Amino acid sequence: MCVPGLLLKGFNLNISHAFENLCAGINRTNEEIRYLEKLTQPVSPANAIGRVSRMDAIGNKMINEQILTRAQTRKVQLETVLNKANTPEFGQYMYCGNAIPIDRILAIPETTLCMCCASR
Ligand SMILES: [Zn+2]
């Protein structure tokens with residue numbers, strides 16, 4: 001049995017704050033994805049890349065592809081939470097149904113599991 005989160009004071013106020021934070025997180029993630037998609041274009045063999053060698057450019061591209069994959073995963077998670085926005089489940093952990101502390105929602109808006117449920 002999971003330990004419930006702190007009871008939220010001013011629950012409706014916190015929910016609207018959480019919703020705004022969630023939308024801001026989605027906008028930020030979309031911007032990040034657009035930027036990373038530009039950085040992960042194929043590296044042309046003919047391109048002179050200035051002082052950076054072609055191997056460096058390929059290495060950077062691989063790192064940016066990993067960051068892009070993480071951002072795309074986060075976007076899916078954020079949108080999953082957004083789909084619950086007008087339901088009673090918004091602001092609750094997925095399995096145990098306990099209230100998610102507002103500080104945790106603001107820090108990690110895509111969160112769906114408490115530490116207890118995540119460790120099962
Ligand atoms: Zn839980």
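Glutamate 110 makes a handy starting point: this residue sits in the loop between helix 3 and helix 4 (115-118). The model is a predicted one, and in it glutamate 110 counts as partly exposed because 19 C-beta neighbours fall inside 10 Å, while a buried residue needs 20 or more. Leaving aside residues up to four places away in sequence, glutamate 110 touches Arg74, Gln77, Leu78 and Val81. Threonine 80 is 30 residues away from glutamate 110 along the chain, yet the C-alpha atoms of the two are separated by just 8.0 Å.

Stepping back to the whole chain, the secondary structure is four helices and zero strands, so the elements read α-α-α-α from the N terminus on. Of the 120 residues in the chain, 11% are buried. As for contacts with a separation of 6 or more, 69% of them link residues 24 or more positions apart.

Then there is the inside of the model. The largest nonpolar core has nine residues in all: Ala18, Leu22, Leu78, Val81, Tyr93, Ile100, Ile102, Ile105 and Cys114. Helix 1 (11-39), helix 2 (54-82) and helix 3 (102-107) are the elements that give two or more residues to this core. In soluble globular proteins, nonpolar side chains tend to be buried together. Two members of the core, Leu78 and Val81, turn up again among the residues that glutamate 110 touches. Alanine 18, also part of the core, touches Gly91, Ile102, Ile105 and Leu106 once residues up to four places away in sequence are set aside. Of these partners, Ile102 and Ile105 are listed in the core as well.

Notes
Residues are numbered from 1 along each chain as its sequence is written. This is a predicted model: local features need pLDDT of at least 70, side-chain atom pairs count only at pLDDT 80 or more; totals for chains, interfaces and linings use all residues. A residue is buried if 20 or more other C-beta atoms lie within 10 Å of its own, exposed if 12 or fewer, and partly exposed in between; C-beta atoms are placed from the backbone. Two residues are in contact if their C-beta atoms, placed from the backbone, lie within 7 Å. A nonpolar core is a set of buried Ala, Val, Leu, Ile, Met, Phe, Trp, Tyr and Cys residues joined through C-beta atoms within 7 Å.
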